[in-house]
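Got the model open in your viewer? Let's take a walk through it, one selection at a time.

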Amino acid sequence: MVDEDGPTLCLWNKLAKCLLPTLAGHFVLCKYSSMSPSGVRKNLQSHKPHFLAVHCQEVGGKNYEASMSHVDSFVKELLSSDAMREYSRVRVYLDENYKSQEHFTALGSFYFIHESLKNIHQFDFKAKKFKKVLGKETCSETLESTPTLEKEKFPQDYFPECKWSRKGFIRTRWALADCAFDLVNIHLFHDASNLVAWEKSPSVYSGTRQKALGYVLDRITDQRYEKVPYFVFGDFNFRLDSKQVIESLCSTATMQTVRAADTNEVDKLIFRESDNDRKVVLQLEKKLFNYVNQDVFRENNGTSLLEFDKELSVFKDRLHELEISFPPSYPYSEDSSQGKQYMNTRCPAWCDRILMSSSARDLVLKPENEEKSIVYDNIGPNVCMGDHKPVFLSFRITAGAGKPNANKHKCCVVQ
């Protein structure tokens, strides 16, 4: 039953590589992944959400043509597992049609509704009205014509360095009693080269992500539909300001530039201590970030580096986030025995986030919401979850914010 304080809403992110190992092509590597039935059961028992939203990126993994065939069987196994037995209504949206380069985003959105939550509706964007959620449905391949979501892939010219990109967003809208909100699954562009990211502050890649995120926010707040609180969660690919963080980490080092013999282009940067036998502090290449001391990214959850996490500041009037108290979510080792180790490919960063509008933040931080009922954290800090650690937000939400007689609901959003 839904307790008198209202239903719990839980949002989980980066499940394609973590909670949904099969979808990300890491099913074998991440045998301890929390998206296994036993892992799901453990997380559900911890937070007991009445509404569970799971957003995935890279459905099918990087080798999606070979791996996509496993997705449907995995979803069937998940939905029939004991862990999900009490979730009587389910909506699964999988963008699996990789043959459609014009539309393919490889995004997956999962929504699970507990049997005790009686009054929940989903918005039909074509009919422009809410409809009661009944039963379990899985939609794939034809998401462009599915009326209960909006899906867009970013234009190719947003990231011309890629021959074609899978980046985009999926939006759904829900109503618990008289409290409506949007849930947006998002995947933004990555840093293609550490060397390019180092060239200037902020990097060219930061500007690309800013453009794409601004586009999403404009789309979900335009005049086509009534404006409601929104949560945007997924892989934003936000990075620390590369030039500034390297200058801080290597403040006493000298830099050596190594150029390619055939093109004379910069091939690597080597930062060495001025004394101590000229010990190498950092070696930087296109896809190498080999820093001498990874502990700096783990000590006190790496929060000393948050001063270099600046990409969200551009949207400070439109997007908000709860305090980060977990280590950078990427890039973790995919070795199942190295759950806390970062790969030496990129500078660790908080790529995976749960962000919200001002009105959504008001729902989360309502006075009647006890502080202990709000949790923003990662999942599986000590075990292999793929190269991204999933993050989640669990909280109680009050339906009809600002209405004194509104019914209370507890919601849990998972990113």
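Start by selecting helix α3, residues 69-79, and colour its buried residues: Val71, Phe74, Val75, Leu78 and Leu79. Buried means under 20% relative accessible area, exposed means over 50%, and partly exposed is in between, using a 1.4 Å probe and protein chains only. These buried residues cover an arc of only 125° around the axis, so they sit on the same side of α3. That arc is taken from the directions from the helix axis to the C-beta atoms. Why might residues three or four places apart point the same way in an α-helix? Because an α-helix has 3.6 residues a turn.

Before moving on, a word about what you're looking at: this is a predicted model, where local features need pLDDT of at least 70, side-chain atom pairs count only at pLDDT 80 or more, and totals for chains, interfaces and linings use all residues. Residues are numbered from 1 along each chain as its sequence is written, and side-chain values use heavy atoms, with hydrogens and water left out.

Now spin α3 around: on the other side, Ser69 and Lys76 are exposed. Pick out aspartate 72 too, which lies in α3 and is partly exposed, with a relative accessible area of 37%. Add glutamate 96 to the selection: it is 24 residues from aspartate 72 in sequence, and their C-alpha atoms are 9.7 Å apart in space.

Next stop, strand β5, residues 120-124. (Helices are DSSP runs of H or I with at least four residues, strands are runs of E with at least two, and both are numbered from the N terminus.) Four of the five residues of β5 are buried, so this strand is largely enclosed by the rest of the structure. Show β9, residues 168-176, which runs antiparallel to β5 and is joined to it by three bridges. Two strands pair if DSSP finds at least two bridges between them. Then show β6, residues 129-132, which pairs with β5 in the antiparallel sense over four bridges.

Which residues does histidine 121 face? It stands opposite alanine 175 in β9, and its bridge partner in β6 is lysine 132. β5 and β6 form a hairpin with four residues between them, and lysine 128 in that turn has a positive phi of about 60°.

Now find the open sheet of four strands with antiparallel pairing, in the order β12-β13-β14-β15. At the edges stand β12 (253-259) and β15 (288-291), each with a single partner strand, so one side of each has no neighbour in the sheet. The twist averages 15° from one strand to the next, where axes are lines fitted to C-alpha atoms and angles run from 0 to 180 degrees between N-to-C directions. Zoom in on β14, residues 280-285, which four bridges join to β15. Glutamine 283 is there to pick, opposite asparagine 290 in β15.

Last, how many cavities of 30 Å³ or more does a search of the whole structure find? Two. A cavity is a set of points, on a 1 Å grid over the protein atoms alone, where a 1.4 Å probe fits but cannot get out; lining residues have an atom within 4 Å of a point. The largest holds about 100 Å³ of space, and its lining includes Asp191, Arg239, Phe289 and Arg346. The second largest has about 40 Å³, and Phe289, Tyr342 and Arg346 are among its lining residues. Volume here is the space filled by probe spheres set on the points, which are joined across faces, edges and corners.

Technical notes
1 Å grid on protein atoms, 1.4 Å probe; cavity = no way out; pocket = protein on both sides within 12 Å on 5 of 7 lines; lining within 4 Å.
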